[in-house]
Amino acid sequence: PTIKAYANSDFLNSQAARTIRILCEFQEPMQRLHANGIRGTILVFGSARSMARPDFDRTVKGLKTKLTKGELSDADRATTQTRLDALSKAEWMCPCLLYTSDAADAEDSVYLGGRRQIRRNTSEY
């Protein structure tokens, strides 16, 4: 007998069905949220590289100090410079971390600067 693709576990667990599995990771939680009366969400993508501004500044200062002391081997100097370069590319995330932390703590809204504001919807569905 022919096995339907949706019932074929070998296929569903294969590389060829990766896209289907990814879609399931969106659809199944959406169904669960809907079943619990949650009609809207805000998805915030984060990064392990994001830091609060004071932590970022302290880390950059420490790496720059390491580089200027001249006590590093060539390999350690290259590694330190690579870390510093990576941090400079992630600096834009500092305010984002602040905004998302504020949004998580705010009772009903959070100010995002300019005219942007996230406001929680408190109406019943």
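These notes cover the fold, the surface, one helix and one buried residue of a predicted model.

1. Fold. The chain holds 5 helices and 2 strands. Their order along the sequence is α-α-α-α-α-β-β, with the helices preceding the strands.

2. Contacts across the sequence. Counting contacts between residues at least 6 apart in sequence, 35% join residues at least 24 apart.

3. Burial and surface. Of the 125 residues in the chain, 12% are buried. The exposed surface of the chain comes to about 10,500 Å², and carbon and sulfur atoms account for 54% of that area.

4. Helix α2. This helix runs over residues 18–35 and has 18 residues. At 1.5 Å a residue its expected span is 26 Å, and the C-alpha atoms at its ends lie 26 Å apart, so the expected and modelled spans agree. After α2 comes G37, a residue with a positive phi, near 80 degrees.

5. Residue T80. Is T80 buried or exposed? Its relative accessibility is 5%, and because buried means under 20%, T80 counts as buried. T80 sits in helix α4, which covers residues 74–90. With neighbours within four places in sequence left aside, the contacts of T80 are L63, K66, L67 and L72.

6. A remark on helix geometry, for reading point 5. An α-helix has 3.6 residues a turn, so residues three or four places apart point the same way. The contacts listed for T80 leave out neighbours within four places in sequence.

How values were computed
Residues are numbered from 1 along each chain as its sequence is written. This is a predicted model: local features need pLDDT of at least 70, side-chain atom pairs count only at pLDDT 80 or more; totals for chains, interfaces and linings use all residues. Side-chain values use heavy atoms; hydrogens and water are left out. Helices (H or I, at least four residues) and strands (E, at least two) are DSSP runs, numbered from the N terminus. The expected span of a helix is 1.5 Å times one less than its number of residues. Buried means under 20% relative accessible area, exposed over 50%, partly exposed in between (1.4 Å probe, protein chains only). Contact means heavy atoms within 4.5 Å. Accessible areas come from the Shrake-Rupley method with a 1.4 Å probe; for residues, only the protein chains shown count as cover.
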